[in-house]
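Please open the structure in your viewer and keep the selection tool at hand. The tour below goes from stop to stop, saying at each one what to select and what is to be found there.

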Amino acid sequence: MNMKKINNILMAAAIVLGTLTSCQDVPMPYNNPLDYQKPKPDEVVIEPTGNGTKESPYNVAGVLQYLNTLEADAESDRDIYITGVVTSVTEAFSTQYGNATFVISDTDEGTNKFTFYRGLYLGNKKYSNENDVNIQEEDVVVICGKIVNYRGSTPETVQNKAYVVSINGKGESVAPKPTGTPTGNGTLADPYNATAANAYIATLTSGAESDKDIYIKGKVSSIKEAFTTQYGNASFYLSDNGDDKEEQFYVFRTLYLGNKKYTEGDQIKAGDEIIVCGKVVNYMGNTPETAANKSYVYSLNGKTEGGGSGETPSGDATPISIADFNAAPESNDVWYQLTGKVKNLKDNDLYGNFDLEDETGSVYVYGVLSEKGGEKKKFQELVAAKGIKEGSTITIIGNRGSYNGKIEVMNAYFVSVTN
């Protein structure tokens, strides 16, 4: 990765810090570290998270917000835990001094900046020849120690009073201990509760998204950002009983009912019962949450987009993996969108009976119409028009049904195909 551009003021401060041996009372043009880190109009805004503890480290936005409560040059009265991605290395660890200086941000594009200034290595020790991991750009780190708003404009750790807790997950564990009883398996039929969702995501590599959509159920315990027509998404916390003292799961920038941006409808509030569905991520290695704009509210107080039936007024359906489709209850009212490879396609089949497979499983498709409510026995015309063949990746919409105990996609109709 190319070196990121560092704010000129931060560069100047770093140079001064590397050469001065005493502080001078020189007036600075800023009153707090956030003054010169206001986002540009097109820059992504990262909200503050965490409380600075081992169990819940601040992100960089969070520590900058905390530093605004301190006087200039006043050290924090406790050790603060912070997590971020390394965007610039001023001084890598060396055996000469045993410490290092680098900048961390909330994103690898440099959103928000905090300087780890002449801090110690893993285990709160000086770096030595026995250490085999050094710091470099794009590393995800957790750091801990005293922090200071130097001269009221440079947020950083206090020299030799901070250390690296972990580098890309190596080092001291900061994963929060579960406070509840995990339930569910992450499917629509049996969604995770908050504890189970957090436990599952903790098994993912730092920064990695889940390879499948996950269903999580709970009550809204607090709202970070309500749905707005400006962005169409929302951020909030779920717990089992809507109590913010319980274990909570962070739903980050999720879309509205029907996997669409919010335009109008019921607004969420504390105590609402929610099922959310989508990709989840182990953000920075210690914050389990939904991936931004890759999840949606499946149901709100039992209501899906179609007013409870699951069928939307526009004819859209809920995208779902085959494994989750197989686990869903039978219904002729709830419509699901499935994508997979066509298997066991028979020549001259008039109805469109075949197996549909994705990475999660397989299901039998009992007939496919060219369109919703279309004429039966026209599958060969669809095959000719769309080039459907064995191994094609096809998207269909249908209901969850069964025949003689065998799960089937019923009342299915064609959406698209990729050959």
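Select Lys 146 together with Asp 79 in this predicted model, and you will find the two side chains joined in a salt bridge whose closest N and O atoms are 3.1 Å apart. Lys 146 belongs to strand S4, while Asp 79 sits in the loop between helix H2 (60-67) and strand S1 (80-91), so the salt bridge ties together parts of the chain that are 67 residues apart in sequence. Neither partner needs to be sought in the interior, because Lys 146 is partly exposed at a relative accessible area of 23%, and Asp 79 is partly exposed as well, at 38%.

Next, move to Lys 279 and Asp 213, whose side chains meet in a salt bridge with an N to O distance of 3.1 Å. Here, too, distant parts of the chain are linked, with Lys 279 in strand S10 (residues 273-283) and Asp 213 in the loop between helix H3 (194-201) and strand S7 (214-225), 66 residues apart. Lys 279 is partly exposed, with a relative accessible area of 23%, and Asp 213 counts as partly exposed at 22%.

For another pair, select Glu 330 and Arg 400, which form a salt bridge with their closest N and O atoms 3.7 Å apart. Glu 330 lies in the loop between helix H4 (322-327) and strand S13, and Arg 400 in strand S17 (residues 393-403), so this pair ties together parts that are 70 residues apart in sequence. Arg 400 counts as buried, with a relative accessibility of 10%. How many salt bridges does the count come to? The count is seven.

Return now to strand S4, which spans residues 140-150, and select Val 140 within that strand. Is Val 140 buried or exposed? Val 140 counts as buried, at 17% relative accessibility. If you add Gly 169 to the selection, the C-alpha to C-alpha distance between Val 140 and Gly 169 is 7.8 Å, although the two are 29 residues apart in sequence.

Two cysteines make a brief stop: Cys 144 is buried, with a relative accessible area of 2%, and Cys 277 counts as buried at 1%. A search of the whole structure finds zero disulfides.

The following stop is the largest nonpolar core, which has 29 residues and in which Tyr 298, Leu 356, Val 368 and Ile 396 have the most contacts inside the core. Strand S13 (residues 331-343) gives the most to this core, contributing four residues. Centre the view on Ile 396 and display its surroundings: leaving aside neighbours within four places in sequence, Ile 396 is in contact with a set of residues that includes Tyr 336, Leu 338, Leu 356, Val 365 and Val 368, and also Val 409, Phe 414 and Val 415.

From there, select helix H5 (residues 379-386), whose buried residues are Phe 379, Leu 382 and Val 383. Looking down the axis of H5, you will see these buried residues fall within an arc of 100 degrees, so they line one face of the helix. On the other side of H5, Glu 381, Ala 384 and Ala 385 are exposed. What covers the buried residues of H5? The cover includes strand S14 (353-358), strand S16 (368-369) and strand S18 (406-418). Just after H5, Gly 387 takes a positive phi of about 70 degrees.

Two asparagines deserve a look at their backbone. Asn 411, in strand S18, has a phi near 55 degrees, a positive value in a residue other than glycine, and Asn 411 is partly exposed, with a relative accessible area of 43%. Asn 112, which is found in the loop between strand S2 (100-105) and strand S3 (114-119), has a positive phi of about 65 degrees although it is not a glycine. Asn 112 is buried, with a relative accessible area of 12%.

End the tour by colouring the chain by pLDDT, which averages 83, with 84% of the residues scoring at least 70. Select residues 1-31, where pLDDT stays under 50 and the model has 42 contacts beyond four places in sequence, and then residues 306-315, where pLDDT also stays under 50 and the model has 20 such contacts. Where pLDDT is low, the predicted coordinates should not be read in detail.

Notes
Residues numbered from 1 in each chain as written. Predicted model: local features only at pLDDT ≥ 70, side-chain atom pairs only at ≥ 80, totals over all residues. Heavy atoms only, no water. Buried < 20%, exposed > 50% of the residue type's maximum accessible area, 1.4 Å probe, protein only. Helix = DSSP H or I, 4+ residues; strand = E, 2+ residues; numbered from the N terminus. Arc of directions from axis to C-beta. Contact = heavy atoms within 4.5 Å. pLDDT = per-residue confidence, 0-100. Disulfide = S-S within 2.5 Å. Core = buried A, V, L, I, M, F, W, Y, C linked by side-chain atoms within 4.5 Å. Salt bridge = Lys/Arg side-chain N within 4 Å of Asp/Glu carboxyl O.
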